[in-house]
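Here's a quick briefing to read with the model open in your viewer. Take a look at the structure first, then work through the notes by topic.

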Amino acid sequence: MMGFQAALPRILRVGGGVSGELAPLLATLGLSRPLIVTDRFLKDGGRADALMDELHKAGMAARIFADTLPEPTAASIEEARAFLEEGDHDCVVGFGGGSPIDSAKAIAVLAVHGGVCRDYKVPHVQDAPGLPVIAIPTTAGTGSEATRFTIVTDETTDEKMLLAGLAYLPTAALVDFELTLTMPPRLTADTGIDALTHAIEAYVSRRANPFSDSFALSAMRAIAPHLRRVWADPEDRPAREAMMFGSTQAGIAFSNASVALVHGMSRPIGAHFHVPHGLSNAMLLPAVTAFSAPGALRRYADCARAMGVAAAEEGDQGAVGKLIEDLTRINEELRVPTPAAYGIDADKWDALLPLMAEQALASGSPGNNPIVPDADEIQALYRQAWGP
């Protein structure tokens, strides 16, 4: 076995109701002056204020920044950093979906090391820590609570910048499936397919290792049987619990193996057309899987078996065929629109294909793919995904 490095949050608390343990968790870590980074939905709905009230009762000096964007931009990070610097904060709590948690990570690094987000774009690797980050996810999808990555859009160039390094790995995470019970169907579907994509790409990545493999396969076993269930019944608690834990496991997997072509191609779609990240992944997953499978047939067949769409005795070729069929069927059943059906302008899509292919390759993620494409092949895949 070749050597590999694994990195995890120092503390992971998982289970219904654990989000109520933030104050004692901070005390365990010797922290008492958190900035809660969240979004307007969670602020206006009272959830963020309830979190802050509990901290105040524990004698902690907490403040809330609630103006994160659905897709964080360099400007929104600068606004939040300025807000942080107005207080005497010793940590940042990311409370919400992937965007508030990603924002918290970037804010925590810039608060200590200065500069702007573009300074930290891959290939730069930021391992020297910023402020401690505590993540409390409210969606089952991004796995950001367990990853050493964050994504920030440069709004001046419409580029989604990948920021990577141990500095972005949360110190602790509270993974509470009860926070996902009110997720609407569209968000449930998009984040769920996002988590499934994380697990699949981690397993087929050229940087996969025995540690990441175990989490990737476990995540697929948790997510695949329950994704349709939470779509059909948002209050299915066992299914919600499985999806939340599967999402965290998938985050651990890809944080330690990296993602691949789907993510590389997905980020430009989000940057140029403001498609939510999980949805743009879902738009691409079947076509990219079909393209990539010949380069790692056995690994994709393992995915099919872990997901329960192929029997253990099924041959690799047949199992991969069933995997691609099932990914296509998931998109149909969960009503994932194609880029065309989403309403993206066809002429703008075609005009941006060369730039999107260039940006996808520049992210580095396609280099982890079983088959590493060139720019022309990426453009062809974008055209294939366009759809009716």
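What follows covers cores, helices, one loop proline, salt bridges, backbone oddities and a surface patch.

Keep in mind that this is a predicted model. Its largest nonpolar core has 77 residues, and the salt bridge count comes to 24.

**Cores**

- Inside the largest nonpolar core, the residues with the most contacts are Met 220, Met 265, Trp 349 and Tyr 382.
- Helix α6, residues 185–204, gives the most to this core, putting in 9 residues.
- There's also a second, separate core of 26 residues, with Leu 29, Ala 48, Leu 51 and Ala 62 among them.
- What does Met 265 touch once neighbours within four places in sequence are left aside? Met 265 is in contact with Leu 284, Val 288, Ala 360, Ile 378, Leu 381 and Tyr 382.

**Two covered helices**

- α6 is mostly covered, with 17 of its 20 residues buried.
- On length, α6 checks out: 20 residues at 1.5 Å a residue should span 28 Å, and the end C-alpha atoms are 29 Å apart, which agrees.
- How many residues of α10 are buried? For α10, the count is 13 of 13.
- Helix α10 runs over residues 261–273, and the same 1.5 Å a residue gives an expected span of 18 Å; its end C-alpha atoms sit 19 Å apart, so the two agree.
- Right after α10 comes His 274, whose phi is positive, near 55 degrees.

**Pro 370 and its surroundings**

- Pro 370 sits in the loop between α15 (346–362) and α16 (375–386).
- Is Pro 370 buried or exposed? Pro 370 counts as buried because its relative accessible area is 11%, and the cut-off for buried is under 20%.
- Not counting residues up to four places away in sequence, Pro 370 touches Val 204, Arg 206, Ser 292, Gly 295, Ala 296 and Tyr 300.
- Pro 370 and Thr 289 are 81 residues apart in sequence, yet their C-alpha atoms are 10.0 Å apart in space.

**Salt bridges**

- Arg 40 bridges to Asp 44, with the closest N and O atoms 3.7 Å apart. These two are 4 residues apart in helix α2 (residues 40–44), so about one helical turn separates them.
- Asp 44 is exposed at 57% relative accessible area, while Arg 40 is partly exposed at 38%.
- Arg 40 also forms a salt bridge with Asp 67, where the closest N and O atoms are 2.7 Å apart. Arg 40 is in helix α2 and Asp 67 is in the loop between β3 (63–65) and α4 (74–85), so this pair ties together parts that are 27 residues apart in sequence.
- Asp 67 itself is partly exposed, at 34% relative accessible area.
- Over in α6, the side chains of Asp 190 and Arg 186 meet in a salt bridge at 2.9 Å, N to O. Again the partners are 4 residues apart in the helix, so they're separated by about one helical turn.
- Asp 190 is buried at 7% relative accessibility, whereas Arg 186 is partly exposed at 29%.
- Salt bridges with shared partners also join Arg 118, Lys 121, Asp 154 and Glu 159 into one network.

**Backbone oddities**

- As background, most residues other than glycine have a negative phi, and most peptide bonds are trans.
- Val 122 and Pro 123 are joined by a cis peptide bond, with omega about 25 degrees. Pro 123 belongs to the loop between α5 (98–113) and β5 (133–137).
- Asp 158 has a positive phi, near 55 degrees. You'll find Asp 158 in the loop between β6 (149–154) and β7 (159–164), partly exposed at 27% relative accessibility.
- Arg 335 also has a positive phi, near 55 degrees. Arg 335 lies in the loop between α13 (316–333) and α14 (339–342) and is exposed, at 63% relative accessibility.

**Surface patch**

- Which residues make the nonpolar surface patch of about 310 Å²? The patch is built from Leu 8, Leu 12, Val 14 and Phe 245.
- Leu 8 comes in the segment before β1 (11–14) and is partly exposed, with a relative accessible area of 39%.

Conventions. Residues are numbered from 1 along each chain as its sequence is written. This is a predicted model: local features need pLDDT of at least 70, side-chain atom pairs count only at pLDDT 80 or more; totals for chains, interfaces and linings use all residues. Side-chain values use heavy atoms; hydrogens and water are left out. Patches are made of residues with over 30% relative accessible area and no salt bridge: like charges are joined within 9 Å, nonpolar side chains (Val, Leu, Ile, Met, Phe, Trp, Tyr) within 5 Å. Accessible areas come from the Shrake-Rupley method with a 1.4 Å probe; for residues, only the protein chains shown count as cover. A salt bridge is a side-chain nitrogen of Lys or Arg within 4 Å of a carboxyl oxygen of Asp or Glu. Buried means under 20% relative accessible area, exposed over 50%, partly exposed in between (1.4 Å probe, protein chains only). A nonpolar core is a set of buried Ala, Val, Leu, Ile, Met, Phe, Trp, Tyr and Cys residues joined through side-chain atoms within 4.5 Å. Contact means heavy atoms within 4.5 Å. The expected span of a helix is 1.5 Å times one less than its number of residues.
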